[in-house]
Amino acid sequence: MTFHLIQELGIGCDRRKPLSCLGDRSQCPFDLNLVALFQENQTRSLPILRWSPTLSVSPEHMIDLKVNGARHQFDGDPEMPLLWYLRDELELTGTKYGCGEGLCGACTVHLNGSAVRSCQRSMESVGGKDIVTIEGLSERASHPLQQAWRQANVPQCGYCQSGQIMRAAALLKKQPRPTDADIDAAMKGNICRCGTYQRIREAIKAAAAGPIEVKK
Amino acid sequence: MSQIEVLTRRTFLGNLFSAGAFVLAARLLPEEAVGASSPSGAGSTGKAATAAWSPSVYLGIDTDGKVIIVTHRSEMGTGIRSVLPRVLADELEADWKRVKVEQAFGDAKYGNQNTDGSCSIRDFYDAMRQAGASAREMLERAAAEKWGVSAAECKAQNHQVVHTSGRKFGYGELAADAAKQTAPKKEDLKFKSPAEFRYIGKELPTIDVADLCAGKGTFGIDASMPGMVHASIERSPVYGGKLKSFDDKEARAVKGVQQTVVLPPLTPPYGFKPLGGVAVIANSTWAAMKGREKLKVEWDPGENAGYDSANYKQALLETVRKPQKAVRNIGDVDAEFAKGGKTHEAEYYVPHLSHAPMEPPAAVADFKDGKVVIHAATQNPQAVQETVATALGIDKKNVECHVTLLGGGFGRKSKPDYVAEAALLSKQVGKPVKVTWSREDDIRFDYFHAVAAMYLKAALDDKGKPTAWLQRSAFPSIGAMFNPANQTGQPFEMAMGWNNLPFDIPNHRAENGPAKAHVRIGWLRSVANIYHAYAVHSFADELAALANRDRVEYLLDILGQPRKVDIGARGRMADKFPLDTGRLGRVIELAAEKSGWANKKPAKGHALGIAAHWSFYSYIAAVVDVEVDDEGKVRIPRVDIAADVGTAVNPDRVKAQFEGASVFGASIALMGEITAAGGAIVESNFDTYSVARIHEAPIITNVHLVPSTQPPAGVGEPGVPPMLPAICNAIFAATGKRIRDLPISNHKLNA
């Protein structure tokens, strides 16, 4: 029930090993803000509540996080959005700045498996989190969506496409066979000024229907 | 004329080649590419005389067979940096898998590099073919000499020269000898027939697609240099305002902020000059932005403080209600109106628009010892050289501009003010500086698409056909950016759908009135065609509606017999690309056929609309299927675009441009609006300046290309103009409501 709820909220929990994260906070698949939410939702007795937000922030304000499988520590401005940390410090420039206000989706990354706008996540809020950017989405850009994107020649300028692919990947994880309405609902936060929406829709459907199963 | 030069490898891409490589510069002077009908003709680069339009195409073949082709155009999503080299590779009979494309720096030796005006293919298609054919012939002659046979017995085929006997040499084996050949004369060149094309007309992916799907392409905002610092700049909210005072104490207290720098104020003519302001320099983009928020700045707003969109709209409408200067006059419209027959008149309005490319303006510059190295997302690296050189007081030869990928351009990134900011700051700071515009900067300090008002009046015969057609427009001209005295539409603006009405009407006058610019005005994808096409093709639909006639039948009727229309553009492409109303009629018929026009009669809340417009030498008709629900919400389930663009060099990318233009045009029509109040731009991000999202854009755009062997014309822009009137015409058919001022979102469609 609990983990079902977590799934509903779009948090990337591994249902087969729900408690495996307890030994190593960098492995924790849960969003700490949502732990608080669970508390409100009468889930106090759950082992997950042993996760304290302070665990992810060291006394020296060192913020630990995982990006594309590698552990990193950050001791800069805790208010800095994850976007600028990824781009300026880790030089993972595939994640793009588009608006800084969570309006365009160009900066979309996965946070513990869910699509989030990295411009809206401060560094202090991502301590202990597992971040995946477009660079870490797959080995050699082999994700079914990346294959479908190439097949359909989706990109024009290409600037928004990292965010589009990351958003679509989160969609397929949740809804492996999305309808047009599902696609609209998931993708409407991601602007493409070149107007590649038609091919984005086509590529999502191709990936969803394709022979390669989308891994959860 | 053309001149082919064999270079030493050191003069071109020296490090990339081994000794013995065949390196060629094909200097070509296409006589048709002289003059300036593109908007950039008004710019500081407007000295685009013969020399600037003379391309030199550079290519090299190494002894291992590797072919390098220099691409001198900027990639902003059209696929141009893949497609043009492929034209050359086709004539060269090169194996595309063995071709490497190198992006050119800004340098006048490449000819015009301003990737703008939908002109890359039409200006350089011939040049690329000539360069490829020249090198191919030299390779064939080199092989013939080695074998001691006649060159006529040798034929280049997929990276080899093959003799009739079956003997073969790879291109690499021939490179050294080919370099010793005399270059052929242009008049002696043999070109492939369309049937022999290997890449032209074929749908091949671009060279960048894999990188772009992996987050790997490098855009201007991604460029970096060792030791680089970041800048965010506070600018006067009112155009031309001056800095009065500022307090940077709190800004400098922000962790990571290093210093602030005052950029000099803007002086007219404004052109591509940076706006001036106060820059915050920091060790990260975030720290620079955060520091900037803490700046306390006072501005003297200056003469544009009174600019207000609501008042300005009224002033423009007043202007077009009165007679203005004629820019085209046929017959006598006044005499026809004086006869007192049936007439119809209407006024139209299109607001300012912002480009809002997904990548806001960004550039990195490193100034050292009187020279500056730049990495920038720019449509026009030579304008970067000129603008930066002027700003820094150095020779433009000392400005090295590397062109990154562009995260959209739409005309914004041919104006390099933001690059000059980075260069000025680097000189001040003594380090490489990256300038990143925030989205708010991008929207508030754009070179806006001109706000425009149009008035049209027609006299009608008993079949509802116009016997007289008067049209007047007023808009602040792009020309004012380069000379404030330019307060009426410039010739290139008139040539964009205003002084070349394609309809066959015995009495016709087009007029244009004055308007002063109070913000920076710039060209946006399809430029003046946007408002001109909206007014002209909405009005044609109004006349058809009054006559109660089928729109397709009516349009074909007023187009008249196929004929050539005086296109009002002097020089450049007029002879090569006449406006042929027969071709326009054909795309109308094709769009009607493919959309199922004849069988889809308008119903309440659901109808088709059509408009056809000629621009950038291409003929485009759009049929838009519009649904308006009970709440007045507009959906566009389907668009059918018929396009005659001459030869479609890469049909997939051509279709992609029209798919994109369908969205771009729908975005303008449905929701695009920039307004000013108290001299400052009101909108600032995507919450206030709406652009079409996936659920708002046309769901399917079918693109139907007319098969053609005519010279390739423009494709990047011409899909936009017909979308606005086609959507509004469909809304009229579905609801009886005529939208005469945009955007549609300002209207209630459910009442």
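This report walks through a small sheet, the helices around it, and the contact between two chains in a predicted model.

**The domains of chain B**

Let us begin with the overall layout. The domain assignment splits chain B into domain 1 (2-200), domain 2 (220-303 + 361-436) and domain 3 (309-353 + 447-746). Measuring over C-alpha atoms is one way to place them: the centres of domain 1 and domain 3 of chain B are separated by 38 Å.

**A sheet of three strands**

Now look at strands β6, β7 and β8 of chain B, which form an open sheet in the order β6-β7-β8 with antiparallel pairing. At the edges you will find β6 (154-157) and β8 (168-170) of chain B, each of which pairs on one side only. From one strand to the next, the twist averages 20°.

What holds strands of a sheet together? They pair through backbone hydrogen bonds, and the pairing can be parallel or antiparallel. In this sheet, β6(B) and β7(B) (residues 160-163) run antiparallel and are joined by four bridges. To see a partnership for yourself, find B:A156 and then its bridge partner in β7(B), B:V161.

**Helices around the sheet**

Helix α2 (residues 120-147) of chain B packs on this sheet and touches β6, β7 and β8 of chain B. Helix α3 (residues 171-178) of chain B lies across β7 and β8 of chain B. Another partner of α2(B) is helix α1 (residues 80-92) of chain B; the axes of these two helices are 6 Å apart, and their crossing is right-handed. Among the residues that make this contact are B:L84, B:V87 and B:L88 of α1(B), and B:F124, B:Y125 and B:M128 of α2(B). The contact residues divide into 13 nonpolar, two polar and four charged.

Here are the angles side by side:

| Pair in chain B | Angle |
|---|---|
| α2(B) and β6(B) | about 130° |
| α3(B) and β8(B) | about 80° |
| α1(B) and α2(B) | about 35° |

**Where chain B meets chain A**

Finally, turn to the contact between the chains, which takes 48 residues from chain B and 43 residues from chain A. Which elements give two or more residues to the side of chain B that touches chain A? They are α4 (209-212), α6 (285-293), α16 (651-671) and β30 (700-705) of chain B. The largest share comes from α16(B), with seven residues. On this side of chain B, the residues divide into 24 nonpolar, 14 polar and 10 charged.

Methods:
Residues are numbered from 1 along each chain as its sequence is written. Chains are lettered from A and ligands numbered from 1 in the order in which they are written. This is a predicted model: local features need pLDDT of at least 70, side-chain atom pairs count only at pLDDT 80 or more; totals for chains, interfaces and linings use all residues. Two strands pair if DSSP finds at least two bridges between them. Axes are lines fitted to C-alpha atoms, for helices over the stretch in contact, and angles run from 0 to 180 degrees between N-to-C directions. Two residues are in contact if their C-beta atoms, placed from the backbone, lie within 7 Å. A crossing is left-handed if the near helix is turned anticlockwise from the far one by less than a right angle, and right-handed if clockwise. Ala, Val, Leu, Ile, Met, Phe, Trp, Tyr, Cys and Pro count as nonpolar, Asp, Glu, Lys and Arg as charged, and the others, Gly among them, as polar. Domain bounds come from an automatic or database domain assignment.
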